[in-house]
Amino acid sequence: MGFKSVLCVTGDDGSDQDVRTAAGLCAEVGAHLSVLILPPPMLLMAYYPSIGNGFPEWPVGCGLAIARLNDRFREIDRFTHDIARLERRSKDLQKLLGSMSLSFDIDTDCCDPASLGELARQRARCSDLTIIGPGLLNDETLGPPVVNGCLFDTGTPVLVVPKGAEATLWPRRVLVGWDSRVEASRAVREALGLLCVAEDVRVALVDPKANYNGNGSEPGADIADYLARHGVRVSVDVLASAGRSVATVLVQHAIDTSAELIIMGAYGSRGLRERLFGGVTRWTFEKPTLPLFLAR
């Protein structure tokens with residue numbers, strides 16, 4: 001198994017669910033767990049207009065100066081409380097993980113909303129896998145920028161574990177969503193260690209078209225041959241959408257085949273939610289039943 005360094009990003013709300021999930025998965029494969037604790041992002045100080053190159057004249061300028069100073073005091077007070085909360089959260093997680101005989105490190109950071117994605121991206125680049133638990137998924141403030149930062153422009157895969165899902169890095173039955181795109185190919189290569197230990201791997205194609213520029217004359221045969229050469233026990237399932245969305249077809253087929261994990265590429269266009277939460281990957285939020293392994 002190639003996962004030796006795993007990243008888990010969590011908030012400072014006191015919930016241990018995401019960290020416990022990541023710790024359990026690390027224990028399965030003997031990986032080191034890096035936990036990054038983030039508070040809600042700090043808002044920047046409000047903008048106050050000026051006249052010309054200076055501050056407005058008295059008495060307007062005096063009122064604006066006082067308002068700006070009060071905002072700065074509130075920011076300092078908020079930062080002080082965030083630091084104290086992060087320290088308490090770090091100590092609690094130190095005790096939790098220390099009782100698990102697990103290799104781990106814990107770090108904290110504070111930043112403004114615009115820097116969240118880049119902060120997560122820097123951490124993910126030095127990891128083999130990022131685990132996104134249900135707590136972060138349900139956090140409307142931290143979730144979108146952190147997941148986006150961990151997945152895009154990092155070269156590191158992400159394992160999304162929705163609420164109620166039982167995740168494992170030793171799955172017996174795996175469904176691969178395949179469409180011959182580079183993202184799907186990268187997801188398969190990143191998950192090769194998982195696929196090699198699985199008892200049953202099904203490559204699922206929805207309404208594939210036979211052509212020599214994409215799927216070939218026999219859709220799915222090329223990726224099946226590739227996996228078979230690596231010792232993967234693989235079969236190909238060609239599915240008809242019958243007017244349903246690709247997401248719906250894949251989810252239903254995963255349920256029908258008792259899959260424990262879905263592997264697929266993450267596709268991006270424009271806009272944060274369209275990049276991750278739109279399209280096929282939206283099923284993780286609408287039908288939280290199975291973990292989803294994504295690569296970009």
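Visitor: Is arginine 121 buried or exposed, and what is its relative accessible area?

Guide: In this predicted model, arginine 121 is buried, because its relative accessible area is 12% and buried means under 20%. Arginine 121 belongs to helix α3, which spans residues 116-124 and in which Leu116, Gly117, Leu119, Ala120 and Ala124 are buried as well.

Visitor: Which elements do the buried residues of α3 pack against?

Guide: They pack against three strands and a helix, namely β1 (5-11), β2 (32-38), β4 (129-132) and α5 (143-151).

Visitor: With which residue does arginine 121 form a salt bridge, and how should I read the spacing of the two residues in helix α3?

Guide: The general idea is that an α-helix has 3.6 residues a turn, so residues three or four places apart point the same way. Here the partner of arginine 121 is glutamate 118, with the closest N and O atoms 2.8 Å apart, and because the two residues are three places apart in helix α3, about one helical turn separates them. Glutamate 118, in contrast to the buried arginine 121, is partly exposed, with a relative accessible area of 33%.

Visitor: How many salt bridges does the structure hold, and which of them links distant parts of the chain?

Guide: The structure holds eight salt bridges, and one of them brings together the side chains of arginine 89 and aspartate 16, at 2.8 Å from N to O. That pair links distant parts of the chain, since arginine 89 lies in helix α2 (residues 60-98) and aspartate 16 in the loop between β1 and α1, 73 residues apart. Arginine 89 is buried, at a relative accessible area of 3%, whereas aspartate 16 counts as partly exposed at 24% relative accessibility.

Visitor: Which residues are linked in a network of salt bridges?

Guide: The network links Arg181, Glu183 and Arg296. Within this network, arginine 181 and glutamate 183 form a salt bridge whose closest N and O atoms are 3.9 Å apart, a value to be read against the cut-off of 4 Å. Arginine 181 counts as partly exposed at 41% relative accessibility, while glutamate 183 counts as buried at 11%.

Visitor: Turning to the strands, in what order do they form the sheet, and which strands stand at the edges?

Guide: In general, strands of a sheet pair through backbone hydrogen bonds, either parallel or antiparallel. In this structure ten strands form an open sheet with mixed pairing, in the order β3-β2-β1-β4-β5-β10-β9-β6-β7-β8. The edges are taken by β3 (104-108) and β8 (234-239), each of which has a single partner strand, so one side of each is left without a neighbour in the sheet. Direction ignored, neighbouring strands of this sheet are turned by 25 degrees against each other on average.

Visitor: Which helix packs on the sheet, and which strands does the helix touch?

Guide: Helix α1 (residues 17-29) packs on the sheet, touching β1, β2, β4 and β5 (158-160), and its direction makes about 165 degrees with that of β2.

Visitor: How many bridges join β6 to β9, and what is the bridge partner of valine 176?

Guide: Three bridges join β6 (residues 173-177) to β9 (residues 261-265), and the two strands run parallel. The partner of valine 176 is isoleucine 263 in β9.

Visitor: What are the surroundings of threonine 130?

Guide: Threonine 130 has its place in strand β4 and is buried, with a relative accessible area of 0%. Leaving aside neighbours within four places in sequence, the contacts of threonine 130 include Leu7, Ala124, Cys150 and Val158.

Visitor: How many aromatic pairs does the structure hold, and why is the pair called tilted?

Guide: The structure holds one aromatic pair. The rings of phenylalanine 3 and phenylalanine 293 have centres 6.3 Å apart and planes at 40 degrees, so the pair is tilted. Phenylalanine 3 lies in the segment before β1 and phenylalanine 293 in strand β10 (residues 292-295), 290 residues apart, and the pair thus links distant parts of the chain. Phenylalanine 3 counts as buried at 6% relative accessibility, and phenylalanine 293 counts as buried at 0%.

Visitor: Where in the chain is confidence lowest, and where is it highest?

Guide: The mean pLDDT of the chain is 81, and 75% of its residues reach 70 or more. Confidence is lowest in helix α10 (residues 272-276), at a mean of 41, and highest in β6, at 96. Over residues 269-281 the pLDDT is below 50, although this stretch has 28 contacts in the model beyond near neighbours in sequence.

Conventions: Residues numbered from 1 in each chain as written. Predicted model: local features only at pLDDT ≥ 70, side-chain atom pairs only at ≥ 80, totals over all residues. Heavy atoms only, no water. Buried < 20%, exposed > 50% of the residue type's maximum accessible area, 1.4 Å probe, protein only. Helix = DSSP H or I, 4+ residues; strand = E, 2+ residues; numbered from the N terminus. Contact = heavy atoms within 4.5 Å. Phe/Tyr/Trp six-rings, centres within 6.5 Å; stacked < 30°, edge-to-face > 60°. Pairing = 2+ DSSP bridges. Axes fitted to C-alpha atoms, helices over the stretch in contact; angles between N-to-C directions. pLDDT = per-residue confidence, 0-100.
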